[in-house]
Amino acid sequence: MKRAWWKESVVYQIYPRSFCDSDGDGIGDLNGIRSKIPYLAKLGINVIWLSPIYRSPNDDNGYDISGYYAIMDEFGTMEDFDALLAEAHQAGIRIVMDLVVNHTSDEHPWFVESRSSAENDKRDYYIWRPAKDGGPPTNWGSSFSGSAWEWDEKTGMYYLHFFSKKQPDLNWSNPKVRDEVFDMMTWWCEKGIDGFRMDVISMISKPPEPWEDSPTEGGLYGSPWITCNGPHVHEYLQEMNRRVLSKYDLMTVGETAGVTLEEAKKYANSDGSELDMVFQFEHVGLDGGLSDKWVRRKMDLRELKENLTKWQVGLEGVAWNSLFFCNHDQPRIVSRLGDDSPASAKCIATMLHMMQGTPYVYQGEELGMTNCPFGPIENYRDIESINAYRELTEAGLREKDELLDCIAYKSRDNARTPMQWTGGKNAGFTAGTPWIMVNPNYQTINAKAELQDQDSVFYHYQKLISLRRRSPWSDIIVYGHYRLLAPEDPNVYSYIRESDTGKLLIVCNLSPESVSFRIPEDVQWSEAVPIVGSASLDRILKLQPWQAEVWSLV
Ligand code: GLC
């Protein structure tokens, strides 16, 4: 298998708005991030993925960009960014930028021009269509509720927006749009950034025309996912690769909603023609999927094992996996698969971090930060949650209390509460009033307390990261072959990692019960050295709730 620095890295995602506020306006900022570089270095990560920091009216917290060459006012200045980049590099940490180019903000100058007249030379930068039967051209829904088409009075046409109406979709079939995007990417690369995380990149190539309605699946509108993996997406990414990516030493990861294993082999092919890796979402859909987000279902461990194993085995040698449970769109895994306890946070981390792929840690995950008890809908800030609540209750499709219960479990805001730095005011995030409520559990879950406790979730993550990055087992953890054990066991996730240099056995009791687990007979050892946990290895193990062990086998 080809070696690469991004295969040997551990990435830490920062959602700047909620990370650290240096100037007391209640919103995190770049100088706040700079002040935490020593913390990140201590954790041991070597790549930061920064959620968008570009100029934005913040309809979707920066995923609606009105200036790709400028920094969001609340976050600071370009000088602050340059300083952040330099200081991170000095600490041995690379910076990967979010690239949001499926859409722009409606306040981006391109769109302002585009909507100004049907003859404007930027008209075709976006997707405009006439009405059909007095209504929108198709039944497609936006992922943030409502139609994906917005009527524009001025020119009497609809424009397409698969997210909010303030996020019009760019028209990638227009070569001028691709030129603009590639020029902008080049500008950031010349600045010395280290890669891109590409927002909903699987949606850039729209379905072939004539366009048809998509299935409504019990909702009011057809699914927006109709546009995933469109006919030209690989062509566009190969062009991007030729014109930009291949000229620099970058790490690239595509956020690919709706990606299948077969599609992932194209996006992240190890021939290097497109991207380095993708985020797939099947495993985080197991407690309620993409098309039916507002449901609460318990994740079944057997299904999770089957799914992650499919990806581990399916991509080995042909593409590369990203390993994640948490990001700014996902409720906290410790509240989904775990029971909010530090023990469950550590167990889930061990299970994921010993796999093949590049791990991503989302801010606060390394502290065991949990979902937040927001209470009434007024306490939510996320456009997706707020719109869904309004639309589904107003249409009489859902009962308020029952829907609020699902939103409490699934809302993206669960990931967006301020980073819990201390047990002091506002969890040490800001001296002002935070833009979103602080999780009330900050007095027990916070970085300051965890840094003083060798047994904390923080130090567990630090250990997992150092095992992967610099230990006698790094080679096995990064490149080794994966083999699942005991697929039918409902509580224990166990697997083997093996390379020429050795063999690891991973056993994680992902349940709040004590269980016994029998190591399958085909796993043999003469000596077993614990490298995570400290239990001795027997054929039959008695495992405590959330106990996780990793042994090096000889
Ligand atoms: C991606 C982002 C999400 C955003 C959406 C639209 O899914 O991760 O936060 O709302 O794209 O840009």
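Domain bounds here come from an automatic or database domain assignment. With that in mind, welcome to the tour; what you have open is a predicted model.

**Stop 1: colour by domain.** Give each of these ranges its own colour: 109–160 for domain 1, 175–320 for domain 2, 381–410 for domain 3 and 480–553 for domain 4. Then keep domain 1 and domain 2 in view. Their centres, taken over C-alpha atoms, are 25 Å apart. Where the two touch, domain 1 supplies 15 residues and domain 2 supplies 16 residues.

**Stop 2: the surface between domain 1 and domain 2.** Show both sides as surfaces if you like. About 1400 Å² is buried between the two domains, and carbon and sulfur atoms account for 61% of it. Now select Y125, N139 and W140 on the domain 1 side. These residues lose the most area to domain 2, and together they make up 44% of what domain 1 buries there.

**Stop 3: polar links across the interface.** Switch to sticks and pick R129 and E209. They form a salt bridge, with 2.7 Å between the closest N and O atoms. How many salt bridges does the rule find across the interface of domain 1 and domain 2? It finds 1. Polar contacts can be searched for next: 7 residue pairs, both partners at pLDDT 80 or more, are in polar contact between domain 1 and domain 2. Sorted by class, the domain 1 side that touches domain 2 holds 6 nonpolar, 7 polar and 2 charged residues.

**Stop 4: the ligand.** Centre the view on the ligand and bring up its surroundings. There are 14 residues around it, and D60, D199, E255, H328 and D329 are the closest. Colour this shell by class and you should find 4 nonpolar, 3 polar and 7 charged residues.

**Stop 5: oxygen atoms of the ligand.** Three side chains are worth labelling here, each with an N or O atom facing a ligand oxygen in the list below.

- R197: the side-chain N or O atom is 3.0 Å from an oxygen atom of the ligand.
- D199, also among the closest residues of the shell: the distance from its side-chain N or O atom to a ligand oxygen is 2.7 Å.
- D329, another of those closest residues: here the side-chain N or O atom and the ligand oxygen are 2.5 Å apart.

Finish by switching on the protein surface around the ligand. On its own the ligand has 310 Å² of accessible area, and the protein covers 96% of that.

How values were computed:
Residues are numbered from 1 along each chain as its sequence is written. This is a predicted model: local features need pLDDT of at least 70, side-chain atom pairs count only at pLDDT 80 or more; totals for chains, interfaces and linings use all residues. Side-chain values use heavy atoms; hydrogens and water are left out. Contact means heavy atoms within 4.5 Å. Buried area is the accessible area (1.4 Å probe) that two parts lose on being put together, summed over both. A salt bridge is a side-chain nitrogen of Lys or Arg within 4 Å of a carboxyl oxygen of Asp or Glu. A polar contact is a pair of N or O atoms within 3.5 Å; within protein, one must be able to donate a hydrogen and the other to accept it, and residues adjacent in sequence count only if both atoms are side-chain atoms. Ala, Val, Leu, Ile, Met, Phe, Trp, Tyr, Cys and Pro count as nonpolar, Asp, Glu, Lys and Arg as charged, and the others, Gly among them, as polar. A residue is near a molecule or strand if one of its heavy atoms lies within 4 Å of it. Accessible areas come from the Shrake-Rupley method with a 1.4 Å probe; for residues, only the protein chains shown count as cover.
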